[in-house]
Amino acid sequence: MKREKMGGKGLGGEVMGFLLAVAFCIICPEYVSSAQRELGKGTPTNASATVAPAGSVDNAIRPGAAPADAPRPTPRTGPYFDLVASKNVTALLGKTAYLNCRVKNLGNKTLNMQVSWVRHRDIHLLTVGRYTYTSDQRFRAIHLPHSEDWTLQIKYPQHRDSGIYECQISSTPHMSHFIHLNVVEPTTEIIGGPDLYIDRGSTINLTCVVLYSPEPPAYIFWNHNDAIISYDSPRGGVSVVTEKGETTTSFLLIQQARPSDSGTYQCNPSNAQSKSVVVHVLNGEYPAAMQRGGQAFAPTSPTHCLVLAASLFITLS
């Protein structure tokens, strides 16, 4: 009897499930049809499968095929700027600067379209095509035949020339690309100056740093009392180490300092102003500021000792 009841329950459950499925298909036909389409994508077709009508679109994504709605790259038909070859420029004060603007796909349209340079500081038209339209003779347009580069040359750039320059194509509407020019003047510093105090017998370590230089200096030489330092002089123990980069550093090392090494030392980069420092080689004296082996040194005062002792006492108590 238990088995019959259980079988009856199972049969009743199957009937109830079938009725619910039929009701769901009637109420939600759209959901069922979409589910069938999704299920049909993963099943292979057979002879009895319904053939799609001619002209219908197959939305199934095949292996190795791009989705139907994926954007397809289209070749550009009009002019555009090559941003890789049209970058901002950092120029050295007084050294000729070149602002380049590369225009692609301009082709033979130069009869109708022109490439111009405009200075934004005063909205001044500088060049149009290969012609210069400014009375400032420092500016010049450079363009070679069949070239995509339209270059603005600026001779003897000054700080006031820094700012935004617009490369413009005379299309409708016009197209623009902005290039920023930064005119810098390299500066020279000697760490620890203007006076350095060295113990006799220690090593003099002078460090000269060249900052804000768009390119490393071609050379750096040192003077001692207005005479160029010779690294192979009979004195010996003199060497220079120079590290070039965005910030160039030159180290002058003089071993076994002696009183005759005292005096004015000057660092002279090829592309920046020189900088000087006065070196004092001492025989046991202790001025307010002193350098031992190239490091700044200040002797401890009695006040410092009292403060340290008081702090130690408070800590221990």
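**Reading a buried cysteine and an open sheet**

Reader: Let me start with one residue: which is Cys208, buried or exposed?

Author: Buried, and the reasoning is short. A residue is called buried when its relative accessible area is under 20%. Cys208 has 0% relative accessibility, so it counts as buried. Please keep in mind that this is a predicted model.

Reader: Where in the fold does Cys208 lie, and which residues is Cys208 in contact with?

Author: Cys208 belongs to strand β13, which covers residues 204–211. Setting aside neighbours within four places in sequence, its contacts are Thr188, Glu189, Ile190, Trp222, Thr248, Thr249, Ser250 and Cys267. You can also check a C-alpha distance: Cys208 and Asn268 are 60 residues apart along the chain, with 9.1 Å between their C-alpha atoms.

Reader: Now the sheet that holds β4 and β5. What is the order of the strands?

Author: The general idea comes first: strands of a sheet pair through backbone hydrogen bonds, in either a parallel or an antiparallel way. Here, 6 strands make an open sheet, and the order is β2-β10-β9-β4-β5-β6, with mixed pairing. The edges are β2 (89–92) and β6 (131–132); each has a single partner strand, so one side of each has no neighbour in the sheet.

Reader: How many bridges join β4 and β5, and which residues are partners there?

Author: Strand β4 (residues 115–119) runs antiparallel to strand β5 (residues 124–128), and 4 bridges join them. Among the bridge partners, Val118 goes with Leu125, and Trp117 goes with Thr127. In the hairpin of β4 and β5, 4 residues separate the strands, and Ile123 has a positive phi near 50 degrees.

Reader: And what is the pairing between β5 and β6?

Author: Those two strands are also antiparallel, with 2 bridges. One position to look at is Val128, which stands opposite Tyr131 in β6. The hairpin of β5 and β6 has 2 residues between the strands, and Gly129 takes a positive phi near 60 degrees.

Reader: What is the average pLDDT of the chain, and where does pLDDT stay under 50?

Author: Where pLDDT is low, the predicted coordinates should not be read in detail. The chain average is 76, and 64% of the residues score at least 70. Residues 1–9 stay under 50, and the model gives them 0 contacts beyond four places in sequence. Residues 290–317 are also below 50, yet this stretch has 27 contacts in the model beyond near neighbours in sequence.

Definitions and conventions. Residues numbered from 1 in each chain as written. Predicted model: local features only at pLDDT ≥ 70, side-chain atom pairs only at ≥ 80, totals over all residues. Heavy atoms only, no water. Pairing = 2+ DSSP bridges. Buried < 20%, exposed > 50% of the residue type's maximum accessible area, 1.4 Å probe, protein only. Contact = heavy atoms within 4.5 Å. pLDDT = per-residue confidence, 0-100.
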